[in-house]
Amino acid sequence: MSVNSAATLLINGKWQEGNGNFDVLDPATLDVIGQAADGDRDDAAAALDAACAAFDGWRSAGAERRGDLLRQAAAGIRARAESLASLLTSENGKPLAESRGELLGSARMLEWSAEQGRRADGRVTPASGSGPGLVLKSPVGPALAITPWNFPASMLIRKVGLALAAGVPLIVKPAEQTPLIAAELIGIVNDAGLPPGVLQCVTTSRPAEVAGALLADERLRKVSFTGSTEVGLGLVRGTENHLRRISLELGGHSPAIVFPDADVPAAAAGVAAAKFFNAGQSCIAINRLYVHREVRDEFLELLERKVAALRLGHGSASGTTTGPLIDRAGLAKVERHVEDAVSRGATVMLGGRRWEPADPALAGAFYEPTILTGADDGMRITHEETFGPVLPVYSFDTDEEAIARANRTDYGLAAYVFSGGLARTWNAVERLNFGVIGVNEPGPVRPELPFGGMKNSGQEREGGAEGIEAYLETKAVSIRF
Ligand code: NAD
């Protein structure tokens, strides 16, 4: 499939055009780089019919066969990593090196899922009366994946790998900003030899219409959503007439704590990476940085040097470390947060304004990597997810204080701890109410670990031994001989 064609609907094994198209933009230049099919409720209904028809065959295909196909798909991604990375960068704006890393991570996730499918076993309980009990795992049934633009490859592939490994047919509705990389990846997985209807793609500029049509049909047994808390909560409310399984990977408000016994240079490098990756548009980006007063000055000097070395630009230009925000709305939110913090007494240590590039072709929404010192708990940025390259810094005196302030949020996705002390680290890890914790580790995401949040950051997990459970039902069988 060529990205210049708008045949981005994959329904029942065939790539199709929609009744209309929508433009896809390069967020760095605002140039139109392609078009995607504007799928509608009829396309959604056709996809669900095909998924239901495919379910029995796919669940019976066997975990080993499904795993073989997923490994082949992973090899396909690795083989085309360079052209996929360039498409990802032109659609999302992130630097090429980050796109390459995301695609490599996607291939690893498919490989992990292929193995986990073969481990989706149940158990036999000791005989009670005249026979044993069995716990069986079976695929949940046709599912819908709704995916975001910020990690348009890895968030999509996590769902594809786990669903397919479990024997679940999946309909993917990608974000409207990044439909082309989604369609390419779905094409690669499909071309590994999937039967029609097992993996489908419905691109659309009308997500509520397409999702609504599917949610209204009780044959859809599962939804896996990654995106904002607001839309995620709406999906939960939309299922009130019939219950179905729902996985939510939502927003975050990650704290990082730099304790006085941290390796300060390593912590400064780690914080810069965990904050400014993907221009801060990551659900696990640091949103609040708590630094112990004893190491604050040394730490901030090193951090400032790291952040000042970041280079804004087009993601495909050599030397670029930081791309644009996805759109003007994202930029406006970043500006609101900085203005509010400054009006309440924060100081701009670095950045604090839009980036005005010398190259007029860079018409996208760029914001300078920003450090705000003197942040306090009354500021909007302390409570709302910024989703941009702004780092507010708070000072603390005791471990208890830092942990309590870090936990003071409705979110519970990720937290970061920088410390060289075992007891102090263990205490923090035990007491922080977050689903993912990096200890001296800016990138706490691996296929082997379950990823997901607590509180308003979500429910269920992706990855780890837990990930496949989200696509499995549990049956208890009691046998009497
Ligand atoms: P968003 O919720 O607007 O969009 C996410 C997806 O939902 C897109 O596919 C979109 O088309 C779809 N969508 C939008 N409205 C919908 C509706 N009414 N019904 C059904 N689907 C709908 O989120 P966004 O702004 O694109 O993404 C940023 C958010 O996603 C941030 O809050 C971020 O933290 C979160 N996120 C979370 C994770 C995670 O794993 N926890 C990962 C990436 C992003």
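This report describes the ligand site and two open sheets of a predicted model.

## Ligand site

The ligand sits in the largest pocket, and its shell consists of 28 residues, of which the closest are W149, E176, S228, L250 and E385. Three elements, namely α7 (207-215), β10 (222-226) and α8 (229-237), each supply at least two residues of the shell around the ligand. Among the contributors to this shell, α7 gives the most, with three residues.

Polar contacts with the ligand involve both side-chain and backbone atoms of the protein, as the following cases show. An N or O atom in the side chain of W149, a residue that also belongs to the closest ones listed above, is 2.7 Å from an oxygen atom of the ligand. On the backbone side, an N or O atom of G227 lies 3.2 Å from an oxygen atom of the ligand, while a polar backbone atom of E249 is 3.5 Å from a nitrogen atom of the ligand. Taken on its own, the ligand has 850 Å² of accessible area, and the protein covers 85% of that area.

## Sheet of seven strands

Seven strands form an open sheet with mixed pairing, and their order is β14-β15-β16-β13-β12-β18-β19. The edges are occupied by β14 (347-350) and β19 (436-439); each has a single partner strand, so one side of each is left without a neighbour in the sheet. Averaged over the sheet and with direction ignored, neighbouring strands are turned by 25 degrees against each other.

Within this order, β12 and β13 stand next to each other, and the pairing between them can be described in detail. Strand β12 (residues 254-258) and strand β13 (residues 286-292) run parallel and are joined by five bridges. One residue pair can be named here, since V258 has V291 in β13 as its bridge partner.

## Sheet of three strands

A further open sheet has three strands in the order β5-β6-β22, and its pairing is antiparallel. The edge strands of this sheet are β5 (123-128) and β22 (472-478), each of which pairs on one side only. Neighbouring strands are turned by 20 degrees against each other on average, again with direction ignored.

The pairing of β5 with strand β6 (residues 131-139) is antiparallel and rests on four bridges. At the level of single residues, V124 has L134 in β6 as its bridge partner.

Notes. Residues are numbered from 1 along each chain as its sequence is written. This is a predicted model: local features need pLDDT of at least 70, side-chain atom pairs count only at pLDDT 80 or more; totals for chains, interfaces and linings use all residues. Side-chain values use heavy atoms; hydrogens and water are left out. Two strands pair if DSSP finds at least two bridges between them. Axes are lines fitted to C-alpha atoms, for helices over the stretch in contact, and angles run from 0 to 180 degrees between N-to-C directions. A residue is near a molecule or strand if one of its heavy atoms lies within 4 Å of it. A polar contact is a pair of N or O atoms within 3.5 Å; within protein, one must be able to donate a hydrogen and the other to accept it, and residues adjacent in sequence count only if both atoms are side-chain atoms. Accessible areas come from the Shrake-Rupley method with a 1.4 Å probe; for residues, only the protein chains shown count as cover. On a 1 Å grid over the protein atoms alone, a cavity is a set of points where a 1.4 Å probe fits but cannot get out, and a pocket is an open set with protein on both sides within 12 Å along at least five of seven lines; lining residues have an atom within 4 Å of a point. A molecule sits in a cavity or pocket if more than half of its atoms lie within 2 Å of its grid points.
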